[in-house]
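Biologist: Could you take me through this model step by step, and explain each term when we come to it?

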Amino acid sequence: MCHLPGLVVFDLDYTLWPFWVDTHVDPPFQRGRAGSVLDARGRPVQLYPEVLAVLERLQGLGVPMAAASRTGETCGATQLLELFGLHRFLHRVEIYPGGKSAHFHRLQQDTGVPFAQMLFFDDEERNIRDVSKLGVTCVLVPNGMTQVLLTQGLEAFARSCPPAPVPPTASPQGAE
């Protein structure tokens with residue numbers, strides 16, 4: 001029986017934060033006086049409300065996490081991970097343009113975690129389609145990452161795992 005994923009992977013734009021880092025905000029980013037994160041125009045940028053609780057829950061369960069983003073604004077996305085304090089949760093970060101399958105092949109290679117032991121959250125159906133073909137359990141995130149979606153994802157992952165092989169039963173000695 002599968003218990004927990006070997007790796008949970010999150011998309012960034014519209015999954016952990018409510019914007020595209022390459023078009024809706026202006027890097028570079030900085031910390032404001034009150035601790036908020038601001039873009040280059042001084043506009044506040046935020047995570048979805050439940051993101052930190054989701055990451056803390058997975059960390060408490062001992063589940064490794066990673067981020068995978070296709071954005072061309074790699075510096076801005078990386079800077080936001082730092083400013084929001086998300087880097088402390090993430091074992092791997094794959095941020096570069098291209099298909100999500102490339103991100104997952106790199107994650108699999110770097111971590112040794114098989115695709116069947118991964119759980120992925122993303123807001124784009126095309127990414128869900130591409131990554132699910134690899135055997136990864138995928139969850140569509142329609143309005144930002146939430147605790148409910150995490151629970152649904154963990155349940156879907158548990159259902160997708162093949163049952164553990166049943167060891168053959170040895171017949172008792174001398175039985176005929």
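Biologist: Where is the place of P28?
Modeller: Strands here are DSSP runs of E with at least two residues and helices are runs of H or I with at least four, numbered from the N terminus. In those terms, the place of P28 is in the loop between β1 and β2.

Biologist: Before we go on, what kind of model is this?
Modeller: Residues are numbered from 1 along each chain as its sequence is written, and side-chain values use heavy atoms, with hydrogens and water left out. Local features need pLDDT of at least 70, side-chain atom pairs count only at pLDDT 80 or more, and totals for chains, interfaces and linings use all residues, because this is a predicted model.

Biologist: Which residue in the loop between β1 and β2 has a positive phi?
Modeller: The peptide bond from P27 to P28 is cis, with omega near 0 degrees, but that concerns omega and not phi. A phi near 60 degrees, positive in a residue other than glycine, belongs to a residue placed in the loop between β1 and β2, and this is Y14.

Biologist: In what order do helices and strands follow one another along the sequence?
Modeller: The secondary structure comes to five helices and eight strands. Read along the sequence, they give the pattern β-β-β-β-α-β-α-β-α-β-α-β-α.

Biologist: Which strands do the buried residues of α2 pack against?
Modeller: A residue is buried when its relative accessible area is under 20%, exposed when over 50% and partly exposed in between, with a 1.4 Å probe and protein chains only. In helix α2, which covers residues 74-83, the buried residues are G76, A77, L80, L81 and L83. Taking contact as heavy atoms within 4.5 Å, these buried residues of α2 pack against β2 (30-31), β3 (37-38), β4 (44-45) and β6 (90-95).

Biologist: What is the phi of G85, just after α2?
Modeller: G85 follows just after the helix whose buried residues include L83. The phi of G85 is positive, at about 75 degrees.

Biologist: How many residues apart in sequence are the parts that D26 and R41 tie together?
Modeller: A salt bridge is a side-chain nitrogen of Lys or Arg within 4 Å of a carboxyl oxygen of Asp or Glu, and the side chains of D26 and R41 meet in one at 2.7 Å, N to O. D26 lies in the loop between β1 (7-10) and β2 and R41 in the loop between β3 and β4, so the parts that they tie together are apart in sequence by 15 residues.

Biologist: Is R41 buried or exposed?
Modeller: D26 counts as partly exposed at 23% relative accessibility. Its partner R41 has a relative accessible area of 64%, so R41 is exposed.

Biologist: How many residues apart in sequence are the parts that E124 and R70 tie together?
Modeller: The side chains of E124 and R70 meet in a salt bridge at 4.0 Å, N to O. E124 lies in the loop between β7 (118-122) and α4 (125-132) and R70 in the loop between β5 (65-69) and α2, so the pair ties together parts that are apart in sequence by 54 residues.

Biologist: How many salt bridges does the count come to?
Modeller: E124 also meets R126 in a salt bridge, at 2.7 Å, N to O. D26, D39, R41 and R43 are linked in a network of salt bridges. By this rule, the count of salt bridges comes to eight.
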